[in-house]
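Biologist: I am new to this structure and would like a close look at a single part of it. Please pick one, tell me how it sits within the whole, and explain your terms as you go.

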Amino acid sequence: MVYPDRAAAGRALGTALEHLRGTHPLVLGLPRGGVPVAAAVADAIDGELDVLLVRKLGLPQHPELAMGALGENDVLVLNEDVVARGRVSEAAFAEVERAERAELARRRTLLRDGEPVSMTDRTVVIVDDGMATGATVAAACRVARAQQPARLIVAMPVSAPEAAHRVRPECDELVCLWTPDDLGGVGGAYHDFHQLTDDEVTDLLR
């Protein structure tokens, strides 16, 4: 089960989320890779599209592996087992955190045109292109929870089983189409998994 691209994954997710049609859901993509998935989901279920800004804190020696994640409103989620196994010093962690806070601020300026759409009393669907550790999505859930949505749903085309297990308590409903035991990385679930540019993301949000 490999998706042609992120838009195709979003259309497949939209079919699984048909029960939300008519609720005017707020569909939040996690930039950059989650935005094309979320855009296709929003089209499929007549949802409103926005972004939720979070940043993975990658291990210094293996940046693709999350030792934690940052979210807006100073949310910080740690993968303590990854930090321990990677023997990450406080100084090294602080350096990664500083860089990712700067990138979070840059993306806020780039992708936000005014205030974010209110989540209060809305059905909110958090979408990414997949979950390897779940840290980033867990941070996103905590950012969303603080705004008191009526219902919080996480929708993923693919996830490692451990990541799904981690995120499930953070939301009211988890919809995941594929949880392979041997997921080496989210990119392996796609034929086209190119690095999106800022322009591609802003075009989708428009």
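Modeller: Here is a walk from the whole chain to one strand, β6, and then to a few other places.

This is a predicted model, in which local features need pLDDT of at least 70 and side-chain atom pairs count only at pLDDT 80 or more, while totals for chains, interfaces and linings use all residues. Residues are numbered from 1 along each chain as its sequence is written, and side-chain values use heavy atoms, with hydrogens and water left out.

Let us begin with the setting. The chain has seven helices and eight strands; these are DSSP runs numbered from the N terminus, with helices being H or I of at least four residues and strands being E of at least two. Its radius of gyration is 16 Å, close to the 17 Å of the globule rule for 206 residues, so the chain is as compact as a globular protein of that length. That radius is taken over C-alpha atoms, and the rule is 2.2 Å times the number of residues to the power 0.38. Along its principal axes, the C-alpha trace spans about 50 × 40 × 35 Å.

Of the 206 residues, 53% are buried. Buried means under 20% relative accessible area, exposed means over 50%, and partly exposed lies in between (1.4 Å probe, protein chains only). Contact means heavy atoms within 4.5 Å; among contacts between residues at least 6 apart in sequence, 69% join residues at least 24 apart.

Now to the strand itself. β6 covers residues 123-127, and five of its five residues are buried, so the strand is largely enclosed by the rest of the structure. In a regular strand, side chains alternate between the two faces of the sheet. In β6 both faces are covered: T123, V125 and V127 are buried on one side, and V124 and I126 are buried on the other.

β6 also has strand partners, where pairing requires that DSSP finds at least two bridges between two strands. β1 (residues 26-29) runs parallel to β6 and is joined to it by four bridges. Within this pair, L28 has I126 as its bridge partner. β7 (residues 151-156) also pairs with β6 in the parallel sense, over five bridges. Here V125 of β6 stands opposite I153.

A helix joins the picture too. Nine of the 11 residues of α5 (residues 135-145) are buried, so this helix is largely enclosed by the rest of the structure. Among those buried residues are V137, C141 and V143. The buried residues of α5 pack against β6 and β7, and also against β3 (54-58), β4 (66-71), β5 (75-78) and α6 (161-167).

If you follow the chain beyond β7, you meet V158 in the loop between β7 and α6. V158 has 0% relative accessibility and therefore counts as buried. Leaving out residues up to four places away in sequence, V158 touches a set of residues that includes D129, G130, M131, C176 and W178.

The partner strand β1 has neighbouring loops worth a visit as well. H24 is in the loop between α1 and β1, and its phi is near 50°, a positive value in a residue other than glycine. H24 is partly exposed, with a relative accessible area of 43%. R32 is found in the loop between β1 and α2 (34-45), and the peptide bond from P31 to R32 is cis, with omega near -5°.

Finally, look at G10 in helix α1 (residues 6-16). G10 counts as buried at 0% relative accessibility. Leaving aside neighbours within four places in sequence, G10 is in contact with V37, A40 and V41. G10 and P36 are 26 residues apart in sequence, and their C-alpha atoms are 7.3 Å apart in space.
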